[in-house]
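Work through the exercises below with the model open. Each task is followed by a solution in steps.

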Amino acid sequence: MSKNRERVFDQMMEASAEDATETATQVAVKGEAAIKQEFITTKDAFHGFLDSEWQGSKGEKAAENDTLQEKKDPFVDEPESKKPKLDPEDVKKTEKQDKKRFRGRNKSRPHIKPTTYEEKRLCLSVIQKNGECKFGEKCIFYHDVAEYLANKPADIGECCYLYDTFGKCEYGLACRFAKAHTTADFKTMEKAELVEAYEGRTLVKNSLSKDLQYRLRKRSVIFKKSEEYLKTLSNNKNKKEQQGNGDVCTAEVSAEPKEEIQHVSTEEPLPTCPDVQPPVKTVGPLTDADVIKLRPCEKKKVDFQDKLYLAPLTTCGNLPFRRVCKRFGADITCGEMAMCTNLLQGHQSEWALLKRHESEDLFGVQVEGCFPDTMTRCAELISNYADVDFVDINSGCPIDLVYKKGGGCGLMTRTRKFEQIIKGMNYVLDVPITVKIRTGVQEKSSIAHKLIGEMKNWGVSMVTLHGRSREQRYTKLADWDYISTCAKLADPVPLFGNGDILSYEDAVKAKETGVSGVMIARGALIKPWIFTEIKESRHWDVSSSERLDILRDFTNFGLEHWGSDTRGVEKTRNFLLEWLSFMCRYIPVGLLERVPQKINERPPYYMGRNFLESLMASQNVDDWIRIR
């Protein structure tokens, strides 16, 4: 079989070389990466090779497994065919509600919710062996183990990562790898040595407790320090209105708000309040900070100088991905952007974005909001109930949903609110505050240099500047000349630059602009080993098998984080596919005509040095599923 595969591969390479001779001899297409001539191919030859290899060597086994899976799993069905759109004449006759139903793309595509993967799951009382179910006959889940296993989807593999790593799997019979730790009489096995080694060890912090969630939903959590700051803002507003009604000159009235805000934080500090300790037991050694509350001048100091900062990436910047990047040398990690209002309302999904793994030694959370009251209360909530090293304010998010409400990039044009938010959060927090901004809202109207000078006086500990405006989003190149100018204005406050870093050479050029460090976003998604390349100043030609091992580690971390039951497996698969949509843009160093690859250069169709390398270069979602 291996000889046949090599023969097919050679034939495909010869055919693709003949088809691509004309295009290879011409000048390289603008915007495409320069790849060696012998690897360039055409679209038809590329997909033809992948399909023939998959069907020939792996496709038969995969087809058999898929057939068996569909027979055993009643919930895995082929998606329904797309419904035809209505004719223009019929659209006019329908009601407005029917018109809205067919608006937009793929509105009629079937969507499977995570809760429907297993409509009837095994009851938690059976998994945790708690005795009788408290819901009794009203419980909708299975209590008969044999009946559950008869309807459960087939196991994916014979080895359970959780069982092999921690000595036990908390998902028991619901695990999709249950054969590895289940006896013939349906009992879950444990490895005593591993269980004892991990006993009392907290791997993930910042989880939302049921008690806190209940009190947040009932609005019974007290934000004493936040109320003091907001009360002062209200008093300053009343003073301003009174002075505006009096005989005060226009110049004095216009200057008053700025003086009052500075007056709040410096000249007349707010009255001190007794420490509000969270109603949870602390674990670990007692420190001075536990006994004596730090004063503002004694806040925790964080050394940001010359660090490699993994950007807070929405959707893809999850905890398993951060663990992968941490192993490759990322110094600073930050959670995904969390909405402050959702945190205050106790949303479990939003609090999940604050979770911190024990390997993240320098970790922060990023919050988004547009009003001083909600942002200040959210900061106090994080200070009391989460373990973080810094809190980042997102004022660079370009999406309309956030911007139109005044958050994200909208804060850059609402400087008065921005100032109140930063000073309020600085008052209630005992960790540094950082801010992430863009050059501005419009492409030709940069305003970041004006804000940076002000933010130094507001108490910001570090600024991250993305070298694009909101209008640009991620098009065109980042303006590193402007970042260099802003870095000089920010001194002595450290400023990190962000944009278009995909190799250690890009990082070296970025540091020459005078920034304190670099933040890496899409570059880490395309190749997470970029942190190792920067620290070792070399180009790393990572093989396809090494990349597959990286994906395997991510999958294991995902099963540990989201669970090894059906819901956790599907969640891990979804996030893996999200990541593969970026990772497929990577071009191996050995195939490049010119090193390094640029982030704005899209890869042409090319044949890899083996089948797996070619499969990982595909931008077709069907091929990503094959990797999955």
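**Exercise 1.** Which residues does UniProt list for "zinc finger region: C3H1-type"?

*Solution.* The unreviewed UniProt entry lists residues 117–146 and 159–184 under that name. UniProt positions are given in the numbering used here, feature names are shortened, and annotations may be inferred rather than shown by experiment. Next, take the span 159–184: its end C-alpha atoms lie 17 Å apart, and the span is 23% helix and 0% strand. Helices (H or I, at least four residues) and strands (E, at least two) are DSSP runs, numbered from the N terminus.

This is a predicted model, in which local features need pLDDT of at least 70, side-chain atom pairs count only at pLDDT 80 or more, and totals for chains, interfaces and linings use all residues. Residues are numbered from 1 along each chain as its sequence is written, and side-chain values use heavy atoms, with hydrogens and water left out.

**Exercise 2.** Determine how far strand β6 (residues 363–368) is covered.

*Solution.* Count first: six of the six residues of β6 are buried (under 20% relative accessible area, 1.4 Å probe, protein chains only). Then split by face: Phe 363, Val 365 and Val 367 lie on one side, and Gly 364, Gln 366 and Glu 368 on the other.

**Exercise 3.** Find the strands that pair with β6 (pairing takes at least two DSSP bridges).

*Solution.*
1. β3 (residues 333–334) is parallel to β6 over two bridges; Cys 334 has Gly 364 as its bridge partner.
2. β4 (residues 338–339) also runs parallel to β6, joined by two bridges, with Met 339 opposite Glu 368.
3. β7 (residues 390–395) pairs with β6 in the parallel sense over four bridges, and Gln 366 partners Asp 392.

How values were computed. Buried means under 20% relative accessible area, exposed over 50%, partly exposed in between (1.4 Å probe, protein chains only). Two strands pair if DSSP finds at least two bridges between them.
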